[in-house]
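Let's take a look at how aromatic rings meet each other, and where charged side chains join them. Have the sequence and the 3D view open while you read.

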Amino acid sequence: MPAAAAALLTLAAACSSSGDASTTGKSAKAPDAAATITPANGTAKVRPEKGVTVTAASGVLEQVSVQAGAGTVDGVLSADKKSWQTKWTLKPGTEYTVTATAKNANGKATTVTSKFTTLKASSTVKVSDVIPRAGETVGVGMPITVSFDRPVANKAAVEKALEVRSTSPVEGAWRWITSQQVIFRTKAYWPAHTKVSLVAHMAGVRASAGVYGTKDVTKNFSIGASHIAKVNLKTHLNKVYVDGKLAKTIKVSGGMGGGDSHGNDFRTTSGVHLAMGKSPVVTMTSPNIKEGEPGYYHELVYKDVQISNSGEYLHQSPGEYGCLGHSNCSHGCVRQTPAGAQWFFNLSNRGDVIVISGTTRDLEWNNGWGYWQLSFTKWMKESATKQPVTTTALTASSGAPAGN
């Protein structure tokens, strides 16, 4: 064979060999994906707080569905798509079906399922009350108070199940007041005109040994305009700001100061108060003083906005109009002019902020809703988690308030 022909043959053989290697690489077979579901199929009496975990090997998770009857369960997929975990606890005494699909590198799908039942609750705990009321419009200082029908031992688990949603996400923290009551307060005042929703994901939460929540609770409410009253008992004026602008200045008179032998303190408390409620008329009686004794009074007082548990209100002055704007003459309440009291009464919502200054007595943080008397750091110390939380963005798809 001529040398040139031999060289061409060798080159052709080399080219042929290279092409075969490329084809072989493209057809390499990837291992099948595998998905593991916990709890396993057929498991009974699963503890509801354990939730569902799905993991993938030799591939990634494509889809996970957890159903109980017609309802579906929310979950979180990891960034690498290797694991999926239920977001909240499961309902006690319920049958669940889990379907998970994983895909390998070549796109081949593998689907597995698991059916299991959760443990029935022998004892239960439920949310007995929520403040604010459903559908209520409240002020920018409003806390959220959640009460339970029995003591809670696993406070951290319950705290983590309480989700606050708002159209303007803000930072806040929970604080346990008693073993049956926990309160959420924002770090700064709520943004005005915000929609808020409390979702207590209590179904399946293990509140104490053998005690589970069985029902989720949702309460929707709204933050109204910003109403901030600044009461100065040295200048004897109440300057009321609506959405940051001075709306009205009202002449006032505060506590006369001093005390008596019955233990009554006639100083108005200074600090950040919240409007706790209002009434067109309140019967006010001198504490600890019997009829006929010096200092006794029993009278109807009008246009009352309550600001503490120690008997303090902003109200219409029952007399002594000469004191308004000039001196402090009351037994501790803040008296206002008739026209000013009527205007302020009509304006007020629960949770409105009333900042009082100019006295020698400070409002205690637990006197009514004096929660803003604590710094946010001190407030957070009685959180079970010791951590702040940021409210979840509230959108139409996540359940915007509808007054339930």
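Here is a quick briefing on the rings and their partners. Keep in mind that this is a predicted model. It holds seven aromatic pairs, and two of them are picked out below, followed by a cluster and two charge-over-ring contacts.

**A tilted pair and its cluster**
- Phe-184 and Trp-190 pair up in a tilted way, with 6.3 Å from centre to centre and 45° between the planes.
- Phe-184 is buried, because its relative accessible area is just 1%, under the 20% cut-off.
- Trp-190 comes out at 3% relative accessibility, so it counts as buried.
- Add Trp-174 to Phe-184 and Trp-190, and you have one aromatic cluster.

**An edge-to-face pair**
- Tyr-189 and Trp-372 meet edge-to-face, at 4.7 Å centre to centre and with 70° between their planes.
- This pair links distant parts of the chain, as the two residues are 183 residues apart.
- Tyr-189 is in the loop between β15 (181–186) and β16 (195–200), while Trp-372 is in the loop between β29 (361–362) and α4 (376–380).
- Are these two buried or partly exposed? Tyr-189 counts as partly exposed because its relative accessibility is 30%, whereas Trp-372, at 13%, counts as buried.

**Charges over rings**
- Arg-175 has its charged end over the ring of Trp-365, 4.6 Å from the ring's centre.
- Lys-303 lies over the face of Phe-345, and here the distance to the ring centre is 5.3 Å.

Terms used. Residues numbered from 1 in each chain as written. Predicted model: local features only at pLDDT ≥ 70, side-chain atom pairs only at ≥ 80, totals over all residues. Heavy atoms only, no water. Phe/Tyr/Trp six-rings, centres within 6.5 Å; stacked < 30°, edge-to-face > 60°. Buried < 20%, exposed > 50% of the residue type's maximum accessible area, 1.4 Å probe, protein only. Helix = DSSP H or I, 4+ residues; strand = E, 2+ residues; numbered from the N terminus. Lys NZ or Arg CZ within 6 Å of the ring centre and 35° of its normal.
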